[in-house]
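The exercises below are meant to be worked through with the coordinates open beside the text. Please attempt each task before reading its solution.

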Amino acid sequence: MAVAHRPDPDADPGYQQDQREDEEPREHHQAGQGSQTCDHGTSPSRVDACAAAQYAVQRVQTMPVWEAGPVNPLRNALRGDCHVHTDWSDGGASLADMVRGAAEQGHDYVVITDHSPRLTIANGLTAARLRRQLAEVSEINAALMGTGLRVLTGIEVDILADGSLDQDPDLLAELDVVVGSVHSGLRDDRAVMTRRMVTALADPNLDILGHCTGRKLRVKTDAAHAASRWRPPSDFDADAVFAAALRYDKAIEVNCRPDRRDPPSELLKRAAGVTGLRFAIDTDAHAVDQLGWQELGCERAQTAGLTADRVVNAMDADALLDWCASHAN
Ligand SMILES: [Zn+2]
Ligand SMILES: [Zn+2]
């Protein structure tokens with residue numbers, strides 16, 4: 001491929017390695033991974049929720065042990081996924097179908113993390129809509145009772161220009177897991193971006209820092225991201241950000257999306273070198289098939305030297321909830 005259009009690789013130490021997959025995305029990045037076609041429509045409704053929850057229940061009951069196959073040992077250690085979208089915001093599948101997909105992945109839990117109000121382009125949820133979603137989650141959990149699979153409440157909340165979070169703090173405090181991400185002002189200068197991220201990490205409601213550099217690769221994934229163009233990583237003082245995550249005991253996300261692969265490889269290695277720093281290996285899935293992307297993130301995490309004891313979603317649901325509660329005050 002022509003190199004002329006490429007940005008300066010020096011601007012992103014992980015660029016050379018990551019660019020290879022950018023140019024030649026693997027087939028299974030885009031293709032379905034064996035999950036079944038959705039029969040339940042795409043609009044969230046109580047009927048759909050119950051039908052898909054029952055389906056998920058059957059899957060869990062007939063698949064009591066996760067049949068891993070020849071996959072990464074880190075993937076085998078994962079118990080859930082902490083970053084998943086639905087058609088409540090810009091996802092392509094209903095909440096119930098994403099829960100069914102989580103069952104197919106062998107998960108014990110899935111955290112539903114739709115977007116916050118300011119991200120209007122992604123149909124971010126107002127406080128009122130988020131409360132309605134919480135009611136739907138509670139119905140699905142009632143149907144899943146006794147199966148070992150549960151849905152945890154959450155949000156991918158925008159980190160605003162001043163580092164505050166784009167949702168009512170009391171509502172954030174009610175959620176099980178809060179992922180915070182920068183989606184705007186990505187070209188802020190280094191000092192401003194560092195301050196934003198450190199301020200967000202200090203917020204007791206935030207648990208996981210999502211796709212920290214915000215970069216985008218030229219990989220086509222789904223309709224919600226079809227218009228995405230290449231975007232370089234944001235500029236921030238990574239040592240300061242990782243030190244803040246360590247100080248407040250927050251997790252850095254390993255975003256599994258093939259069009260993100262965030263943090264880039266060199267930065268991920270650097271983060272892995274920070275003793276005690278925690279991580280979450282999450283798909284940021286916007287469709288059922290994308291829940292299978294977790295293995296891609298696990299491969300990268302393992303290459304960077306991460307082990308399961310540092311990964312928050314290798315904990316069971318109760319331990320994960322305890323960890324989230326431990327830094328909320
Ligand atoms: Zn995001
Ligand atoms: Zn997301």
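**Exercise 1. The sheet**

In what order do the seven strands of the open sheet lie, and is their pairing parallel or antiparallel?

Solution. Since this is a predicted model, the steps describe the model itself. Begin with the strand order, which reads E1-E2-E3-E4-E5-E6-E7, and note that the pairing in this open sheet is parallel. Next, look for the strands that pair on one side only: these edge strands are E1, residues 80-84, and E7, residues 278-282.

**Exercise 2. Strand E3 and its surroundings**

Determine how strand E3 is joined to its partners E2 and E4, and then describe what covers and connects it.

Solution. Take the E2 side to begin with, where four bridges hold E2 and E3 together in the parallel sense, and where Tyr 109 is found opposite Arg 150 of E3. Turn then to strand E4, residues 177-181, which runs parallel to E3, residues 150-158, and is joined to it by five bridges. Within this pairing, Ile 155 has Val 178 of E4 as its bridge partner, while Asp 158 stands opposite Ser 181 in E4.

The connection can be followed next: E3, helix H7 (residues 169-174) and E4 together form a β-α-β unit that is right-handed. Helix H6, residues 127-144, lies across both E2 (109-112) and E3, and its direction makes an angle of about 160° with E3. Finally, consider burial, for which eight of the nine residues of E3 count as buried, leaving the strand mostly covered.

**Exercise 3. The nonpolar core**

Which residues touch the most other members of the largest nonpolar core, and which helix gives the most to it?

Solution. The core contains 73 residues, and those touching the most other members are Val 99, Val 110, Val 177, Phe 279 and Ile 281. Helix H5, residues 95-104, gives the most to this core, contributing six residues. To see the setting of one such residue, list the contacts of Val 110 beyond four places in sequence, which include Gly 80, Asp 81, Val 84, Met 98, Val 99 and Val 151.

**Exercise 4. Arg 196**

Why is Arg 196 classed as buried?

Solution. Locate the residue in helix H8, which spans residues 190-202. Arg 196 has 22 other C-beta atoms within 10 Å, and because the cut-off for a buried residue is 20 or more, Arg 196 is classed as buried. Its contacts, leaving aside residues up to four places away in sequence, are Ile 159, Ala 161, Gly 163, Val 182 and Asp 188. As a last step, compare sequence with space: Arg 196 and Phe 236 are 40 residues apart along the chain, yet their C-alpha atoms are 9.5 Å apart.

Methods: Residues are numbered from 1 along each chain as its sequence is written. Chains are lettered from A and ligands numbered from 1 in the order in which they are written. This is a predicted model: local features need pLDDT of at least 70, side-chain atom pairs count only at pLDDT 80 or more; totals for chains, interfaces and linings use all residues. Helices (H or I, at least four residues) and strands (E, at least two) are DSSP runs, numbered from the N terminus. A residue is buried if 20 or more other C-beta atoms lie within 10 Å of its own, exposed if 12 or fewer, and partly exposed in between; C-beta atoms are placed from the backbone. Two residues are in contact if their C-beta atoms, placed from the backbone, lie within 7 Å. A nonpolar core is a set of buried Ala, Val, Leu, Ile, Met, Phe, Trp, Tyr and Cys residues joined through C-beta atoms within 7 Å. Two strands pair if DSSP finds at least two bridges between them. Axes are lines fitted to C-alpha atoms, for helices over the stretch in contact, and angles run from 0 to 180 degrees between N-to-C directions. A crossover is right-handed if, with the strands pointing away from the viewer, the path from the first strand over the helix to the second runs clockwise.
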